[in-house]
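User: Please take me through this structure feature by feature, with the general idea first and the particular case after it.

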Amino acid sequence: MLETEICGIKFKNPVFLASGIMGETGSALKRIAKGGAGAVTTKSIGLNPNPGHRNPTIVEVYGGFLNAMGLPNPGIDEYLEEIKEVRAELNRMNVKIIGSVYGKNEEEFAEVAKRMEKYVDIIELNISCPHAKGYGATIGQNPELSYSVCKAVKKSVKVPVFAKLTPNVTDIIEIAQAVVDAGVDGLVAINTVRGMAIDIKAKKPILGNKFGGLSGKAIKPIGIKVVWDLYENFDVPIIGVGGIMNGEDAIEYMMAGASAVQIGSGVYYRGYDIFKKVCDEIIDFLKEENLTLKEIVGIAHE
Ligand code: DHB
């Protein structure tokens, strides 16, 4: 009932793991696949190993988490070993892999995407980390840079390319227009919302990086509005992400225009099998309303 096709790729369901959590190792991806996800998104991977920011890198706040990991990752060559280890098993489970890529500039983005493409079904461009200086933060806030990164990646790979957009801009449509003009096959929205928490006893920001990206329940209405606006303006598939905890949240994103959704923080609240739980909740709703998955995508616009 939840099978869906996006960019010619068949997914067993539209509930995916978001980039950033549980995507650092092959065994973590496998664990999420067993939890019922239709696809898993890797941690954002760069050309070279990156230790990330100093601790603390994550803090729980009202309505979610604030994190500034600093895009820690072992670099593309070592990371590919992780994917190779689990690719066959994920294939057997019919779970797709979305490879999240970041880079300092268009050449790095294109190079990492090219090395990754053989092992993934979709490339997701993280042009939108809210704080990693020189690693993409400014790219997703600038239409010209966003265009050239997406264009370079589109030239270097054959698999579908999705751009993940940051809400930390004045006009997200301007950025989306640039990446669509560059030929991306789809949009992922939203990345985290820039924020800060202060330890009032220590009298300083809690995170080692001082500020970070807010995820979780608090950002859901922001994500819904962005997906709504993207659906109104563009004719490419949208993957909705931001604050999805249950089937109702996922359906809300779909009604705004998302063909699939991604879950990150929700894993902390409902466990590794949140994917199966959310799928069951979507199925219950569809049965109750006598609707299909296809019918609810964008239904709120009609
Ligand atoms: C990080 C990257 C992101 O894209 C994000 O939204 C939050 C944190 C990071 O690795 O620090």
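User: In which loop is Ile-190 found?

Analyst: Helices (H or I, at least four residues) and strands (E, at least two) are DSSP runs, numbered from the N terminus. Here Ile-190 is found in the loop between β10 (186-189) and β11. A cis peptide bond joins Ala-189 and Ile-190, with omega about 15°. The model is predicted: local features need pLDDT of at least 70, side-chain atom pairs count only at pLDDT 80 or more, and totals for chains, interfaces and linings use all residues. Residues are numbered from 1 along each chain as its sequence is written, and side-chain values use heavy atoms, with hydrogens and water left out.

User: Which bond is cis before Pro-56, and where does Pro-56 lie?

Analyst: The peptide bond from Asn-55 to Pro-56 is cis, with omega near -10°. Pro-56 lies in the loop between β4 (39-41) and β5.

User: What is the phi of Asn-94?

Analyst: Phi of Asn-94 is near 60°, a positive value in a residue other than glycine. Asn-94 belongs to the loop between α2 (76-92) and β7 (96-101).

User: In what order do the four strands of the open sheet stand?

Analyst: Two strands pair if DSSP finds at least two bridges between them. In this sheet the order is β5-β6-β14-β11, with antiparallel pairing. Because β5 (58-61) and β11 (193-196) stand at the edges, each with a single partner strand, one side of each is left without a neighbour in the sheet. Neighbouring strands of this sheet are turned by 40° against each other on average, direction ignored; the axes are lines fitted to C-alpha atoms, and angles run from 0 to 180 degrees between N-to-C directions. Four bridges join β11 to β14 (residues 211-215), and Val-193 has Leu-214 in β14 as its bridge partner.

User: Which residues come nearest to the ligand?

Analyst: A residue is near a molecule if one of its heavy atoms lies within 4 Å of it. Of the 13 residues around the ligand, Met-69, Gly-70, Leu-71, Asn-191 and Thr-192 come nearest.

User: What are the distances of the polar contacts to Met-69, Asn-126 and Thr-192?

Analyst: A polar contact is a pair of N or O atoms within 3.5 Å. A backbone N or O atom of Met-69 lies 2.8 Å from a ligand oxygen. A side-chain N or O atom of Asn-126 is 3.1 Å from an oxygen atom of the ligand, and for a polar side-chain atom of Thr-192 the distance to a ligand oxygen is 2.6 Å. Taken alone the ligand exposes 290 Å², and the protein buries 92% of that; accessible areas come from the Shrake-Rupley method with a 1.4 Å probe.

Definitions and conventions. A polar contact is a pair of N or O atoms within 3.5 Å; within protein, one must be able to donate a hydrogen and the other to accept it, and residues adjacent in sequence count only if both atoms are side-chain atoms.
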